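Me: I have a structure open and would like to talk through a couple of spots in it. Can we take them one at a time?

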Amino acid sequence: MAGSQIERALSLLESLTNEPRGQALQTLAEQLGMPKSAAHRMLSELGRLGYVRQNAETLRYHLSTKLVALGFQYLSGSGADIVQPILDRLAQDTGELVRLGVIEGDRQTWIAKSQGARSGLRYDPEMGRDAPLFYTASGHAWLATLSDAKALALVEQQGIASRDDFGPNAPRSNADLLERLRVAREAGYAWVVESSALGTSALAAVIRHPRDAHVVGVLSVAGPSARLSEPRMHELATGLLAAAQELSQVSVASELFS
């Protein structure tokens with residue numbers, strides 16, 4: 001494949017990851033900006049390779065499980081076995097969902113988690129997607145390590161979803177966001193209450209490379225606001241920061257942070 005074809009194929013796969021119910025050929029062709037015939041040929045080739053399947057009844061295209069299998073195969077040999085016990089311990093200590101995000105260029109992607117809640121309300125978003133920067137604790141924790149100009153540039157680059165997609169306490173403006181980043185810098189961690197979604201709270205801290213201290217990831221704890229009040233989150237911050245420091249020390253042995 002030529003470079004542009006590879007880019008289109010990867011864009012096609014990324015589009016399918018956001019639509020678990022599948023997508024129609026016409027929709028995919030329009031998203032890729034290519035003729036239906038060319039999109040069909042690409043989908044057929046990806047199907048032959050085992051990455052895409054077509055539902056015989058709806059004719060919609062879906063991702064196969066091959067990509068998932070490849071992801072687990074990669075994680076099994078990338079140092080995830082070093083990282084997971086740290087996530088599990090923090091989840092057990094907090095009784096909430098713990099997530100690990102890694103920094104790759106201008107993106108922060110959630111790649112691993114551990115669920116500490118065994119009963120009652122559980123907060124459990126999908127892995128493998130980029131952390132929204134404007135209104136999540138994970139986003140704020142990372143942005144707080146950057147200059148205000150760089151932080152706003154990353155937010156603008158990622159874009160801000162419709163207000164229907166986040167909570168009532170999300171930042172109302174860039175100035176509001178920058179004030180929250182200032183507070184996070186002073187505290188050493190970020191926290192939000194009903195910002196990413198109604199009824200949910202979270203706190204997060206960055207993971208730094210042990211040699212030069214550049215940020216390689218973000219560790220967060222999230223759960224229902226009924227359990228994660230602001231005082232409770234500040235109580236949990238010590239354990240969060242200790243786990244982030246531990247992850248910093250093992251990051252050199254894990255390809256997850258490379």
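Reply: What follows goes through two loop residues and then a pair of helices, bearing in mind that this is a predicted model.

Me: Where does leucine 228 sit?

Reply: Leucine 228 is in the loop that runs between β7 (215-224) and α9 (230-250).

Me: And is leucine 228 buried or exposed?

Reply: Leucine 228 counts as buried, because its relative accessibility is 1%, and the cut-off for buried is under 20%.

Me: What does leucine 228 touch, leaving out residues up to four places away in sequence?

Reply: Its contacts on that basis are Glu96, Ser201, Val221, Ala222, Gly223, Met233 and Leu236. In addition, the C-alpha atom of leucine 228 lies 7.4 Å from that of alanine 202, although the two are 26 residues apart along the chain.

Me: What about arginine 227, is that buried, exposed or partly exposed?

Reply: Arginine 227, which also belongs to the loop between β7 and α9, is partly exposed, with a relative accessible area of 32%. Its C-alpha is 8.7 Å from the C-alpha of serine 201, with 26 residues of sequence separation.

Me: Switching topic, how do α7 and α8 pack?

Reply: Helix α7 (residues 148-158) packs against helix α8 (residues 174-187) at an angle of about 125°, with the axes 11 Å apart. That angle makes α7 oblique to α8, and the crossing is right-handed.

Me: Which residues make that contact?

Reply: From α7 they are Asp148, Ala151, Leu152 and Val155, while α8 brings Asn174, Leu177, Leu178, Leu181 and Arg185. By type, the contact of α7 with α8 has six nonpolar residues, one polar and two charged.

Key: Residues are numbered from 1 along each chain as its sequence is written. This is a predicted model: local features need pLDDT of at least 70, side-chain atom pairs count only at pLDDT 80 or more; totals for chains, interfaces and linings use all residues. Side-chain values use heavy atoms; hydrogens and water are left out. Helices (H or I, at least four residues) and strands (E, at least two) are DSSP runs, numbered from the N terminus. Buried means under 20% relative accessible area, exposed over 50%, partly exposed in between (1.4 Å probe, protein chains only). Contact means heavy atoms within 4.5 Å. Axes are lines fitted to C-alpha atoms, for helices over the stretch in contact, and angles run from 0 to 180 degrees between N-to-C directions. Angles under 35 degrees count as roughly parallel, over 145 as roughly antiparallel, 65 to 115 as roughly perpendicular and the rest as oblique. A crossing is left-handed if the near helix is turned anticlockwise from the far one by less than a right angle, and right-handed if clockwise. Ala, Val, Leu, Ile, Met, Phe, Trp, Tyr, Cys and Pro count as nonpolar, Asp, Glu, Lys and Arg as charged, and the others, Gly among them, as polar.
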